[in-house]
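Grab a pencil and try these short exercises. Each one comes with a worked solution, so have a go before you read on.

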Amino acid sequence: MTDLMKMIHEAQKALKKSYSPYSNFPVGACIRSVDDQLFAACNIENASYSLAICAEAAAIACMIVAGQHRIKEVVVIGTGTELCSPCGACRQRLREFAAPDVLVHICDLNGVRKTMTMEDLLPVSFGPHNLEKKHDPISD
Ligand code: THU
């Protein structure tokens with residue numbers, strides 16, 4: 001199994017655990033950190049709709065808890081006929097920890113439908129560099 005296939009497999013497993021009774025739109029995500037650990041998660045909805053947590057946000061949380069701050073590759077899986085590309089908020093969340101050349105694979109249950117770079121998804125982005133901070137996860 002290739003590295004990418006393993007990520008897709010983990011994202012599919014996470015998608016199957018999605019808690020999305022309100023939208024019926026399960027999403028799975030898998031993040032590979034630069035040290036080659038995989039962090040998979042699903043979307044988690046709430047009766048108070050606006051509290052829904054996207055799969056990418058949940059996967060980032062898992063990565064941070066493990067002490068990793070740098071993303072190497074991302075897989076996002078949805079089941080609809082349209083491409084399940086990361087929402088605007090998640091593009092910004094990913095960008096915090098992903099360099100412009102990081103690949104984001106937009107998938108369905110059959111595999112990759114489109115691969116884009118972080119820069120494709122969020123060009124001319126606002127990020128840690130704008131804040132003149134000493135700490136920048138993607139260049140430290
Ligand atoms: N969703 C994600 O998990 N990731 C995205 O990037 C797009 C949207 C979820 C949120 C909500 O639970 C469902 O998809 C429908 O919007």
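**Exercise 1: a charged residue in a helix**

Glu10 has a relative accessible area of 17%, so it counts as buried. Keep in mind that this is a predicted model.

Task: Find out which residues form salt bridges with Glu10, and work out where they sit along the helix.

Solution:
- Step 1. Start with Lys6: its salt bridge with Glu10 has the closest N and O atoms 3.2 Å apart.
- Step 2. Count along the chain. Lys6 and Glu10 are 4 residues apart in helix α1 (residues 3-16), so about one helical turn separates them.
- Step 3. Now look at Lys13, which also forms a salt bridge with Glu10, with the closest N and O atoms at 3.4 Å. These two are 3 residues apart in helix α1, which again means about one helical turn.
- Step 4. Check the lysines' surroundings. Lys6 is partly exposed at 38% relative accessible area, and Lys13 is partly exposed at 41%.

**Exercise 2: a link between strands**

Task: Which residue forms a salt bridge with Glu73, and how many residues apart are the two?

Solution:
- Step 1. The partner is Arg32, and the closest N and O atoms are 3.4 Å apart.
- Step 2. Glu73 lies in strand β3 (residues 71-78) and Arg32 in strand β1 (residues 27-33), so the pair links distant parts of the chain, 41 residues apart.
- Step 3. Buried means under 20% relative accessible area. Glu73, at 15%, is therefore buried, and so is Arg32, at 5%.
- Step 4. Follow the shared partners: salt bridges join Arg32, Asp36, Lys72 and Glu73 into one network.

Conventions
Residues are numbered from 1 along each chain as its sequence is written. This is a predicted model: local features need pLDDT of at least 70, side-chain atom pairs count only at pLDDT 80 or more; totals for chains, interfaces and linings use all residues. Side-chain values use heavy atoms; hydrogens and water are left out. A salt bridge is a side-chain nitrogen of Lys or Arg within 4 Å of a carboxyl oxygen of Asp or Glu. Buried means under 20% relative accessible area, exposed over 50%, partly exposed in between (1.4 Å probe, protein chains only).
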